[in-house]
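Please examine the model shown below. The paragraphs that follow lead through its charged contacts, its interior and its enclosed space.

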Amino acid sequence: KGQQTKEVGSHSTQPARPPPPPAPAAAAAVPSSAASPAAATPTSAAAPPSKSSQLAPRTSPAPKAAGKISPVVSPTPSKVAPVASPTPSKIAPVVSPAPGKITPAVSPTPEVAPGPGVANGTLDPAQVAALKLLGISVGADPCNTASQHITICDEGTPYRHLVSLELDYCSDGAVFPASAWTNLTSLHSITFNECPAKVMQLPQKLVNSLTSLTCIASLGRAVGNELAPGLPGKWLSQFHNLEQLTVSDVLVNATSIGSVIANLTRLQVMSVQGANFTGPLPKVWASNITSIEISGNEVTGNIPNGITQLKQLQSLDLTGNNLTGTIPTGLGNLSSLLSLKLASNSFKGSIPSSFKKLTSLTVLDLSNNQLNGSIPVFLSSLPSLRVIDIQNNDFRGEIPFNDTFLKTLNSFKATGNGLLCYNSSITSAKFAGGVQPCDSSGLPVEGPASGPAFSPGGAPAPQPHVQTTKHHHGPKKIVVGVAIALAAIVGVIIIAVLLSRCCSRKY
């Protein structure tokens, strides 16, 4: 091959044309030239043909190819046929940028210019088609999160693939084709937001790959979609690899929450709001769960001991249910707990003394229950505590907090406890959470509360309507004054008319 290359180089320096090749070889060169689209491209009319073009057949002048496609020496010593070199092992002359000069070089594999979907970060065409079937328009680049937020792609090459998808504001009763989901099995997260479509059957590969599922007012009966059936709890329970589950503002047809999450052993974050769940709380939970929110449902019974054993639990929100009994002392063993919200239930009893161990606790909301007893003084020793809400319970006695501690809080609310008061010698009225001061016998002084609820920022709660109310007093007084004036004028007119009639009768 080296000798062949030298021979080609020597031909390039001689003006004489080589002898014509035999007929069979010429016939073989025709399909070789046709096989290369770049070789068939004519040279610009402005550029004169180089001497190297004399080596090619007359029907195919040598082009100035942009794709580095070069003629390769034919096995026949007297014949040079332009053929695209498919492998880097071929030794072929490459057209030099200088016209008429042919230099031997190793021809690498031709470089393919990036096109749509090839090595430039665009989405797999099959998934683009799937998005169209779902009625989703994401522009020229579905993976560009700067222009939209409903799709997130991986960094794969040559094609990228969807890992997160959000479907917003679907039409009522929309039906998503099964073929679309078949091409979206790379998804790890799906969000349905205000999407009252019909519940769909997903391919098992997609069911297995999902780690996050969010359903907000979607796939079932919700406000504005009251005639739709409920979201089947069995459909939710099939996603056994979920780590995050959010269901909000949609009716779920299930006997209890336990029947939905029984198989979700990898669950870490669960939020179920306004889903009309009834029955008791689950007794068994995923051991690595960190956040539980079950609010605005109809859950009944006590807090099970299973929750008190979740050592990694950081947030527990059971607001707005029908839970009863006492607050379990075992909650004090949750050393990772940051937020505890048990508001708007029917809990009785006192605040457990075990809460003194909750040194990481930041938020404590026990409002709107039937709790009683005194407020424990140990709450003031919790270093991270910033929010205390004990409104509308049956707490009594003095608030055991001084101004120094209350100033560290962002919010302190204690109104609605009839026998709760504050000691004015250690607590200022503006930090007293809206309760009354104590009298000499330790009972609340009769009359309105002496201070508003304590608000964020270590200052008394703002009274946003005070200026507005004063502002409206002026116009009200003017209206009343005008009305009185008009009434007086009318009265004077009536009296004048009556007097005139009386006087006319006399004369």
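In this predicted model, Arg-160 and Glu-155 are joined by a salt bridge whose closest N and O atoms lie 3.2 Å apart. Side chains of opposite charge can pair when their charged atoms come close. A search of the whole structure returns this one salt bridge. Its two partners differ in their surroundings: Arg-160 counts as buried because its relative accessibility is 13%, under the 20% limit. Glu-155, by contrast, is exposed, with a relative accessible area of 66%, over the 50% limit.

The wider setting is a protein chain of 507 residues, 40% of which count as buried. Its secondary structure comprises nine helices and 28 strands. Of the contacts between residues at least 6 apart in sequence, 45% join residues at least 24 apart. The accessible surface of the chain amounts to about 26800 Å², with 59% belonging to carbon and sulfur atoms.

Within the interior, the largest nonpolar core contains 97 residues. The residues with the most contacts inside this core are Leu-167, Trp-181, Phe-192, Trp-235, Met-270 and Leu-331. Phe-192 illustrates how these positions meet: beyond its sequence neighbours up to four places away, Phe-192 touches residues including Leu-167, Trp-181 and Trp-235. Among its other contacts are Met-200, Leu-213, Cys-215, Ile-216 and Leu-219, as well as Thr-214 and Ser-218.

Ser-237 lies in helix 6, which spans residues 233–237. Is Ser-237 buried or exposed? Ser-237 is buried, because its relative accessible area of 14% falls under 20%. Leaving aside residues up to four places away in sequence, Ser-237 touches Ser-259, Val-260, Asn-263 and Leu-264. With Leu-264, the separation is 27 residues in sequence and 7.2 Å in space, C-alpha to C-alpha.

The last topic is enclosed space. Rolling a probe the size of a water molecule over the atoms shows where empty space is left. The structure holds four cavities of 30 Å³ or more, and the second largest encloses about 40 Å³. The lining of this second largest cavity consists of Leu-236, Leu-245, Val-247, Val-252, Ile-257, Val-260, Ile-261, Met-270, Val-272 and Phe-277. Strand 10 (244–248), helix 7 (257–261) and strand 12 (269–273) are the elements that each give two or more residues to that lining. Helix 7 provides the largest share, three residues. Two of the lining residues have already appeared: Val-260 is touched by Ser-237, and Met-270 is among the residues with the most contacts inside the largest nonpolar core.

How values were computed: Residues are numbered from 1 along each chain as its sequence is written. This is a predicted model: local features need pLDDT of at least 70, side-chain atom pairs count only at pLDDT 80 or more; totals for chains, interfaces and linings use all residues. Side-chain values use heavy atoms; hydrogens and water are left out. A salt bridge is a side-chain nitrogen of Lys or Arg within 4 Å of a carboxyl oxygen of Asp or Glu. Buried means under 20% relative accessible area, exposed over 50%, partly exposed in between (1.4 Å probe, protein chains only). Helices (H or I, at least four residues) and strands (E, at least two) are DSSP runs, numbered from the N terminus. Contact means heavy atoms within 4.5 Å. Accessible areas come from the Shrake-Rupley method with a 1.4 Å probe; for residues, only the protein chains shown count as cover. A nonpolar core is a set of buried Ala, Val, Leu, Ile, Met, Phe, Trp, Tyr and Cys residues joined through side-chain atoms within 4.5 Å. On a 1 Å grid over the protein atoms alone, a cavity is a set of points where a 1.4 Å probe fits but cannot get out, and a pocket is an open set with protein on both sides within 12 Å along at least five of seven lines; lining residues have an atom within 4 Å of a point. Grid points are joined across faces, edges and corners, and a volume is the space filled by probe spheres set on the points.
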